[in-house]
Each structure stands twice: as structure tokens, then as C-alpha cells.
Amino acid sequence: MSDADMGGFSRVALEQVPATASEPAHARFHGSISIDLPPNRPQVQRTGYAAWRNKDRGPTLFGKSLWSVDPYLFLALRVKSDGRKYFVNVQTESVVYTDIHQHRLYAQRPGEWETVIFDWSNFVRTNYGQVVEPQNEMMKQKVRTIGIGLTDRVPGPFNLSIAGIWATNRRGDADSHSGVNKSAKNDQLN
């Protein structure tokens with residue numbers, strides 16, 4: 001999704017990239033941000049964003065299919081960033097359907113693969129990009145979607161590769177992780 005959904009000119013793509021000898025299999029989130037306003041839509045006052053999230057999981061015999069990350073302390077992402085200001089977005093089955101918990105994706109080594117660890121308790125509850133008060137604890141036992149957004153409004157190309165997203169109890173994944181974690185101790189969020 002991008003501001004193009006409401007007449008803006010940003011372009012976005014999310015594509016699967018197969019593994020090579022030098023790169024792991026990954027998703028590539030890329031495109032170009034434009035802050036130009038659509039001339040024929042005066043109600044559109046702001047553009048310059050792009051994002052993606054997983055689709056809602058299908059229903060089961062017992063109701064909605066959600067992830068529970070309650071037993072885990074951290075969210076981990078294996079990424080190769082271009083250094084722009086991305087946000088990780090987590091949507092839960094909360095009272096307010098449009099609430100999203102956000103955390104800035106602080107990549108330390110643009111252009112290189114790295115694992116970034118997020119403490120679940122440091123996500124901030126927002127609604128339509130605005131911080132919401134009171135800051136209720138995230139419903140970690142009812143996660144609907146996880147995604148990444150770019151809202152820096154800096155015109156030009158962007159490129160973020162994601163080789164894995166998982167919940168973990170090991171902060172050390174950030175230092176020792178060389179590929180997508182597939183151990184039984186962690187849950188892949190596919």
C-alpha cells in the first residue's frame with residue numbers, strides 16, 4: 001500500500017527473491033516516495049508513504065486465526081536496509097480495529113545484512129500515525145498482522161530486504177544470527 005491508494009504518486013513493490021550463493025532468500029520492499037499532491041483531489045493534504053503487512057490469516061473452526069507471541073520477550077528481523085527511517089508495525093485484535101503498535105527500525109549497517117531485536121514492551125500504540133493515550137500494553141496473544149512502513153516523506157527510491165521475522169527470548173540473536181533462525185525455540189511469523 002502507498003499514498004497511490006488515494007491519488008498520490010509514490011510507488012511500492014514487495015517481491016520474493018530466491019536465495020543465491022551470496023544472499024539468503026528474502027522479501028524485497030522497494031519503490032519510490034513522492035510527496036507530490038494529486039491535483040484533482042484537494043482533500044488529500046499529505047502524501048509520501050509506503051507500507052506492507054501480511055494478509056489476515058484465514059478463519060478456523062474456532063474463529064479467527066491469530067499469532068500468540070506472549071511467551072516471547074522480543075521480535076527479531078533479519079534485514080538489509082538502505083538507511084531510511086522505516087517502522088515495524090504490529091496490529092492486534094484490539095478494541096480499536098485501526099490501532100497499530102509501532103517501533104522505529106534502527107538499522108546500524110545500511111547495505112549489510114543484520115538482525116535487529118525489538119523489545120515488545122517498547123512498541124508505541126498509534127492510530128492513523130498519531131500516538132494514542134493511554135498507552136495500553138500490546139495484546140501479544142492476539143497478533144493479527146506484522147508489516148513495515150516508510151513514512152519519512154523523503155522523495156526518492158527506497159529498498160529494504162527482509163530475510164526473516166520471528167519472536168524470540170534471546171537478545172543474542174542480534175549478534176550471532178547469520179541466516180533465518182529455524183530452531184524449535186523460536187516461532188517464525190510466516
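**Exercise 1. In what order do the six strands of the open sheet sit, and is the pairing parallel or antiparallel?**

Before you start, remember that you're looking at a predicted model.

*Solution.*
- Step 1: Trace the open sheet from one side to the other, and you get the order 3-10-5-6-8-9.
- Step 2: Check the directions: the pairing is antiparallel. As background, strands of a sheet pair through backbone hydrogen bonds, either parallel or antiparallel.
- Step 3: Look at the two ends of that order. Strand 3 (50–53) and strand 9 (130–131) are the edge strands, and each of them pairs on one side only.
- Step 4: Zoom in on one edge. Strand 3 is joined to strand 10 (residues 143–150) by four bridges, and A50 has L150 in strand 10 as its bridge partner.

**Exercise 2. Find the largest pocket and work out which strands help to line it.**

*Solution.*
- Step 1: Start with the space itself: the largest pocket holds about 1200 Å³.
- Step 2: Go to the lining, which is made of 35 residues; the closest to the pocket's centre are Y49, Q102, Y128, G129 and T151.
- Step 3: Now bring in the strands. At least two lining residues come from each of strand 3, strand 5 (86–92), strand 6 (99–105), strand 8 (124–127), strand 9 and strand 10.
- Step 4: Put that next to Exercise 1, where the open sheet had the order 3-10-5-6-8-9. Each strand in that list supplies part of the pocket lining.

**Exercise 3. Which strands pair with strand 4, and over how many bridges?**

*Solution.*
- Step 1: Find strand 4 at residues 74–80.
- Step 2: Take one partner, strand 7 (residues 113–119), which pairs with strand 4 in the antiparallel sense over seven bridges. For an example, L77 has V116 in strand 7 as its bridge partner.
- Step 3: Take the other partner, strand 11, which also pairs with strand 4 in the antiparallel sense over seven bridges. Here K80 stands opposite S161.
- Step 4: Ask how enclosed strand 4 is. Six of its seven residues are buried, so the rest of the structure largely encloses this strand.

**Exercise 4. Compare P157 and F158: which is buried and which is exposed?**

*Solution.*
- Step 1: Place both residues. P157 is found in strand 11, and F158 lies in strand 11 (residues 156–168) too.
- Step 2: Use the cut-offs: buried means under 20% relative accessible area, and exposed means over 50%.
- Step 3: P157 has 66%, so it counts as exposed. F158 has 3%, so it counts as buried.
- Step 4: See what P157 touches. Apart from neighbours within four places in sequence, P157 is in contact with G31, S32, D82 and R84.
- Step 5: See what F158 does. F158 forms a tilted aromatic pair with F29, at 5.0 Å centre to centre and 55° between the planes. Because F29 sits in strand 2 (residues 26–33), the pair ties together parts that are 129 residues apart in sequence. F29 is buried as well, at 0% relative accessibility.
- Step 6: Widen the view: F29, Y86 and F158 form one aromatic cluster.

**Exercise 5. Where is the confidence of the chain lowest, and where is it highest?**

*Solution.*
- Step 1: Get the overall picture: the mean pLDDT is 89, and 91% of the residues reach 70 or more.
- Step 2: Compare elements. Strand 12 (residues 187–188) is lowest at a mean of 47, while strand 2 is highest at 98.
- Step 3: Check the weak stretch. Residues 176–188 have pLDDT below 50, and beyond near neighbours in sequence this stretch has 28 contacts in the model.

Methods. Residues are numbered from 1 along each chain as its sequence is written. This is a predicted model: local features need pLDDT of at least 70, side-chain atom pairs count only at pLDDT 80 or more; totals for chains, interfaces and linings use all residues. Side-chain values use heavy atoms; hydrogens and water are left out. Rings of Phe, Tyr and Trp (its six-membered ring) pair if their centres lie within 6.5 Å; planes under 30 degrees apart count as stacked, over 60 as edge-to-face and the rest as tilted. Buried means under 20% relative accessible area, exposed over 50%, partly exposed in between (1.4 Å probe, protein chains only). pLDDT is the predictor's confidence in each residue, from 0 to 100. Contact means heavy atoms within 4.5 Å. Two strands pair if DSSP finds at least two bridges between them. On a 1 Å grid over the protein atoms alone, a cavity is a set of points where a 1.4 Å probe fits but cannot get out, and a pocket is an open set with protein on both sides within 12 Å along at least five of seven lines; lining residues have an atom within 4 Å of a point. Grid points are joined across faces, edges and corners, and a volume is the space filled by probe spheres set on the points.
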